[in-house]
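Please look through the structure shown here, following the strands and then the surface. The paragraphs below take up a few local features in turn.

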Amino acid sequence: MATKSLACSLLLGMACSIVIGAYEESLYPRTISSDNYHEAIQRLQSFKSSLTTRDSIASAPSSSSSFSTLSAPAPAPSPLSLQGVNYPRVYHVTSYGADPTGSSDSTEALLAAIEDAAKGPSEGYLMQGIKNLGGSRINLEGGNYLISQPLRLPVAGVGNLMIHGGTIRASDGFPADGYIIDLSPSSNEGNTESSSHSYNFEYITLKDLLLDSNFRGGGISVINSLRISIDNCYITHFTTNGILVQSGHETYIRNSFLGQHITAGGDKNERNFSGTGINLQGNDNAVTDVVIFSAAIGIMVTGQANAFSGVHCYNKATGFGGTGIYLKLPGLTQTRIVNSYMDYTNIVAEDPVQFHVSSSFFLGDGNIVLKSKNGVIKGVDIVDNMFSGSDHGVEIVQLDQSNNPFHQIEQVTVDRNNARRMKLKATVAKGSMQGNGTSWTVDFNNVLLFPNLIKHVQYSLSTPGSTFPNHILRNVSENRVVIETNEAVPASVFVTVDQSETS
């Protein structure tokens, strides 16, 4: 093999010398002046480079094509027949015949590149049963590609792979329930429960992509996978989910934009928006610095221990039936939402248990709805948020007890929020009154969140007279605090109440 390589190199060198010599003669029919010397040298170097330029595809040449082929516009089959040969692991899809103009279908070419990457050389394992592909990259080269079926990895049990750098658009014949990029086992993998690995994929990165579902299904599906990264993606024209995460955990979605329709708000057809921007059906995921600009539901959450930060939802106004973030986790929510922006839309949480919202902004009567399913609400913190509305009497935190009233209420704190042209609600409140008599009643119904629930009271009574009246807390029912004295006196009463249960 080495002898053949040396002979090929010598022949190529001789050919280069002959052709370059002929080219030099045409370049120098006369003496070159100092003014154009550098220009001539640059032209000569460019010509030499053109003779030795090879196809930049990183995968090994096809076993069915000639090893000496200098360009390969047709799809290149798997390089598995050349095990042991070191090649860069960047797979350029145009070298497999993909059409970067989007004029013709590129499904087969993209799948061929994905197959070569997935079945390429590996270096040990990540999680047990997950082959480490060493950081292989499928490079879309900034092209716009049309596909007619979902893009799936041909085998499960691989990781450390990236798909990046281009646009993928679903054709009119794309399956209505499909996803452009589908990280689920292929049909020939069989039941994932019987596979030798506990997760389908690990450490797959989808980056710098525009995915246009063409109102045919969804954008990205991640099924029972681990440590998936979706970064700087623009996903649009979906009818089901922009991103679906099912089972598995630690899928991180960041710096991305999702919308069923391309709009910047105030769309005349906003009432008709449908679909879900992000559907999280797994645990331990994070959504960071993401904008959802059109969908019936911005984010649907049915898995625990997820975190949201820097999320901007103006997907569909609550007045039109939209929801920004819907937490459908009655009894065990374990969700944190911080530093986010609900823009004319709201957050709904069913029977929230361990639920935290802080440092967020709610505009256009956007609020937080605590919805009772079985009457349980525990470990809820809604603090340090800003609310701005339109004087329609909308409460910043609203109880939906249409199914059942909340009857298990523990460790719920709604406090330190501020509201402009909306109705402030809290679990901690302060009030005062002045009068002359034997009884003082301070009514907290206007501000307290839960009806007929005061668990702690602190009060002080101040009188300018010289007497020292006896006083007592007489009643706290119906969210009214009644203080009485044993004699009529002029007094000021200051009261603090708390609906939460302290340890």
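**A surface patch and a strand with several partners**

Met127 is partly exposed, with a relative accessible area of 31%, in what should be read throughout as a predicted model. Because residues enter a patch only with over 30% relative accessible area, the 31% computed for Met127 is relevant to its place in the nonpolar surface patch, which Met127 makes together with Leu126 and Tyr203 and which covers about 250 Å². Along the chain, Met127 belongs to the loop that lies between helix 3 (107-118) and strand 2 (131-139).

From this patch, the reader may turn to strand 10. Strand 10, which spans residues 241-259, pairs in the parallel sense with strand 8 (residues 218-223) over 4 bridges, and within this pairing Ile243 of strand 10 is the bridge partner of Ile220. Strand 9, made of residues 226-236, also pairs with strand 10 in the parallel sense, here over 8 bridges, and Asp231 has Arg254 of strand 10 as its bridge partner.

Strand 10 has further partners later in the sequence. Strand 11 (residues 276-283) runs parallel to strand 10 and is joined to it by 6 bridges, with Asn279 of strand 11 standing opposite Leu244. Strand 12, covering residues 286-294, pairs with strand 10 over 7 bridges, again in the parallel sense, and in this pairing Gly259 finds its bridge partner in Ser294 of strand 12.

Notes: Residues are numbered from 1 along each chain as its sequence is written. This is a predicted model: local features need pLDDT of at least 70, side-chain atom pairs count only at pLDDT 80 or more; totals for chains, interfaces and linings use all residues. Side-chain values use heavy atoms; hydrogens and water are left out. Two strands pair if DSSP finds at least two bridges between them. Helices (H or I, at least four residues) and strands (E, at least two) are DSSP runs, numbered from the N terminus. Patches are made of residues with over 30% relative accessible area and no salt bridge: like charges are joined within 9 Å, nonpolar side chains (Val, Leu, Ile, Met, Phe, Trp, Tyr) within 5 Å. Accessible areas come from the Shrake-Rupley method with a 1.4 Å probe; for residues, only the protein chains shown count as cover. A salt bridge is a side-chain nitrogen of Lys or Arg within 4 Å of a carboxyl oxygen of Asp or Glu. Buried means under 20% relative accessible area, exposed over 50%, partly exposed in between (1.4 Å probe, protein chains only).
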